[in-house]
Amino acid sequence: MPEHEQDDQEREFDLRWADGAEYKEPSARARMLAARWKHDPPGPVPFRADPEYVGSRRRSSWISTAVVLGSVAAVIVLLGYINFRAPY
């Protein structure tokens, strides 16, 4: 059996053995957050944002949409004007 096939089989065996482990150690971030939250638990997080915040965000998105569309229209008009004035 070639050496790389043997390595693949050993690696596959190791992965199956690790996946079948009864206990998995938490990640470093999970351990850090658990230690932090033990002394200072996080506050409740609302499922939905406040209505005031959502409304103000909508207005700003409309303003940005109007600015983008206005810019595109200005470029189209400018290009049409340049093409109209260009001598053939």
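The following exchange concerns a predicted model of a protein chain.

Colleague: What elements make up the protein chain?

Modeller: The protein chain holds three helices and zero strands. Read from the N terminus, the order is α-α-α.

Colleague: What makes R31 and E25 a salt bridge?

Modeller: A nitrogen of the R31 side chain lies 3.0 Å from an oxygen of the E25 side chain. The cut-off is 4 Å, so the pair qualifies. Side chains of opposite charge can pair when their charged atoms come close. The count by this rule is one salt bridge.

Colleague: Why is E25 called exposed, and R31 partly exposed?

Modeller: E25 has a relative accessible area of 59%, and exposed means over 50%. R31 stands at 41%; partly exposed covers values between 20% and 50%, so that term applies to R31.

Colleague: Which residues does UniProt list as a transmembrane region, and what is the chain like there?

Modeller: The unreviewed UniProt entry lists residues 62–82 under that name; such an annotation may be inferred rather than shown by experiment. In the model, residues 62–82 are 100% helix and 0% strand. The C-alpha atoms at the two ends are 30 Å apart.

Colleague: Where does I82 lie, and why is I82 called partly exposed?

Modeller: I82 belongs to helix 3, which spans residues 51–85. Its relative accessible area is 46%, which falls between the limits of 20% and 50%, so I82 is partly exposed. Together with V75, L78, L79 and Y81, I82 makes a nonpolar surface patch of about 490 Å².

Colleague: How much of the protein chain is buried?

Modeller: Of its 88 residues, 1% are buried.

Note on methods. Residues numbered from 1 in each chain as written. Predicted model: local features only at pLDDT ≥ 70, side-chain atom pairs only at ≥ 80, totals over all residues. Heavy atoms only, no water. Helix = DSSP H or I, 4+ residues; strand = E, 2+ residues; numbered from the N terminus. Patch = residues over 30% accessible without salt bridge, like charges linked within 9 Å, V, L, I, M, F, W, Y side chains within 5 Å. Areas by Shrake-Rupley, 256 points an atom, 1.4 Å probe, with all protein chains shown as cover. Buried < 20%, exposed > 50% of the residue type's maximum accessible area, 1.4 Å probe, protein only.
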